[in-house]
Amino acid sequence: MESPLDPRPGQAIYTKLTLSLYDPLVLGLSNRIAWRCPSHYIQHLYDQYVSPSHLEIGVGTGYFLEYCVPRQPVNDLVLFDLNRHCLQQTAERLQRFNPRIYRANVLEPFQGLDTSFESVGINYVLHCLPGTPRQKGIVFDHIKTHLKDDGVCFGATIVNQGADNLFSKTLKSLYNRRGIFCNRDDTAEAIESELRQRFVEVETRLIGTVFLFRARKAAAQENELPQKPKRSSRSQ
Ligand SMILES: C[S@@+](CC[C@H](N)C(=O)[O-])C[C@H]1O[C@@H](n2cnc3c(N)ncnc32)[C@H](O)[C@@H]1O
């Protein structure tokens with residue numbers, strides 16, 4: 001079914017030029033200073049949950065997959081995005097995984113994607129999507145359809161709560177006015193509620209203004225969200 005929400009503003013900002021600035025400015029500077037969630041917290045999610053068959057939704061520059069240290073080798077990687085620049089650049093960066101590319105709107109069913117995955121990453125995408133948290137929740141329905149019974153969905157999104165400072169308030173307001181973000185109604189509780197309606201096991205954490213989550217269709221014995229990951233070798 002076609003979504004009534006216009007997905008274009010949330011991905012239009014990503015051009016070759018902006019993507020070349022994304023890692024230092026967004027993952028380096030904004031995550032640390034504006035959103036108060038240094039990127040190593042997110043990197044830790046990738047290290048823990050990326051599996052041999054992984055679907056990455058909203059690939060950006062592919063940074064977290066590039067530096068991921070997965071528990072097992074990745075054999076099947078699908079890169080999913082609406083923006084062709086993001087797909088092109090990330091596919092080149094991650095060519096060692098021989099990724100498949102899927103260009104689509106995450107707000108609509110993933111037609112033609114016939115695989116189920118052991119892990120699905122959706123990082124920093126929900127705050128770019130139009131609509132209320134309830135409308136965004138449909139994304140989890142689509143993911144669930146492509147998640148194996150013992151699979152895990154994980155990611156993070158910037159919500160409109162948490163440790164705000166002048167820098168984060170200014171950025172959030174500017175981005176929302178330009179349609180780059182649409183997260184005025186997004187709260188940790190609202191996103192968590194959407195997850196809990198669809199998944200059996202949900203774990204979440206708010207760090208600064210960033211809501212981190214992982215969700216499973218069935219209960220697993222292990223895997224907690226990172227508390228204090230120690231990554232001394234990376235700069236972001
Ligand atoms: C803020 S970037 C996040 C990039 C990366 N996941 C990260 O954490 O650094 C958002 C990504 O989501 C993609 N995106 C935005 N709206 C989308 C939509 N409706 N369907 C699919 N991809 C979308 C953008 O093109 C972009 O690659």
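This is a short walk through one predicted protein model with a ligand, going from the overall fold to the sheet, the core, and a few single residues.

Before I start, a word on conventions: residues are numbered from 1 along each chain as its sequence is written. Because the model is predicted, local features need pLDDT of at least 70 and side-chain atom pairs count only at pLDDT 80 or more, whereas totals for chains, interfaces and linings use all residues.

Let me begin with the whole chain. The protein has 9 helices and 7 strands, where helices (H or I, at least four residues) and strands (E, at least two) are DSSP runs, numbered from the N terminus. Its radius of gyration, taken over C-alpha atoms, is 16 Å, close to the 18 Å that the globule rule (2.2 Å times the number of residues to the power 0.38) gives for 236 residues, so the protein is as compact as a globular protein of that length. Along the principal axes, the C-alpha trace spans about 45 × 40 × 35 Å. Of the 236 residues, 42% are buried; a residue is called buried if 20 or more other C-beta atoms lie within 10 Å of its own, exposed if 12 or fewer, and partly exposed in between, with C-beta atoms placed from the backbone. As for contacts, which require C-beta atoms, placed from the backbone, to lie within 7 Å, residues 24 or more positions apart account for 69% of those with a separation of 6 or more.

Now to the strands, which I count as paired if DSSP finds at least two bridges between them. Strand β2, residues 76-81, is joined to β3 by 4 bridges, and the two run parallel; within that pairing, F80 has Y102 in β3 as its bridge partner. On β2 there is also a parallel pairing with β1, residues 53-57, over 5 bridges, in which L55 stands opposite V78. β1 in turn is joined to β4 by 4 bridges, again running parallel, and here I57 stands opposite I122. Finally, β4 and β5 pair in the parallel sense over 6 bridges, with G155 in β5 as the bridge partner of I122.

How far are these strands covered? In β2, 5 of the 6 residues are buried, and in β4 the count is 6 of 7, so β4 is largely enclosed by the rest of the structure.

That leads to the core. In soluble globular proteins, nonpolar side chains tend to be buried together. Here the largest nonpolar core, meaning a set of buried Ala, Val, Leu, Ile, Met, Phe, Trp, Tyr and Cys residues joined through C-beta atoms within 7 Å, has 56 residues, and those with the most contacts inside it are V120, V125, C153 and F211. Strand β5, residues 147-158, gives the most to this core, with 6 residues. If we look at V120 and leave aside its neighbours within four places in sequence, its contacts are L55, I57, I143, H146, L147, G151 and C153. One of those contacts, I143, lies in helix α7, residues 138-145, where I138, V139 and F140 are buried as well; what covers the buried residues of α7 includes β4, α6, β5 and α9.

Turning to the ligand, 21 residues surround it, and the closest are P7, Q11, G58, G60 and N83; a residue counts as near if its C-beta atom, placed from the backbone, lies within 6 Å. By class, this shell has 13 nonpolar, 7 polar and 1 charged residues, where Ala, Val, Leu, Ile, Met, Phe, Trp, Tyr, Cys and Pro count as nonpolar, Asp, Glu, Lys and Arg as charged, and the others, Gly among them, as polar.

I will finish with three loop residues. N98, between α5 and β3, has a phi near 50°, a positive value in a residue other than glycine, and with 11 C-beta neighbours inside 10 Å it counts as exposed. Y124, in the loop between β4 and α6, likewise has a positive phi, of about 60°, but Y124 is buried, with 20 other C-beta atoms within 10 Å. G62, in the loop between β1 and α4, is buried with 25 such neighbours, and, its neighbours within four places in sequence aside, G62 is in contact with T90, R93 and L94.

Key: Contact = placed C-beta atoms within 7 Å.
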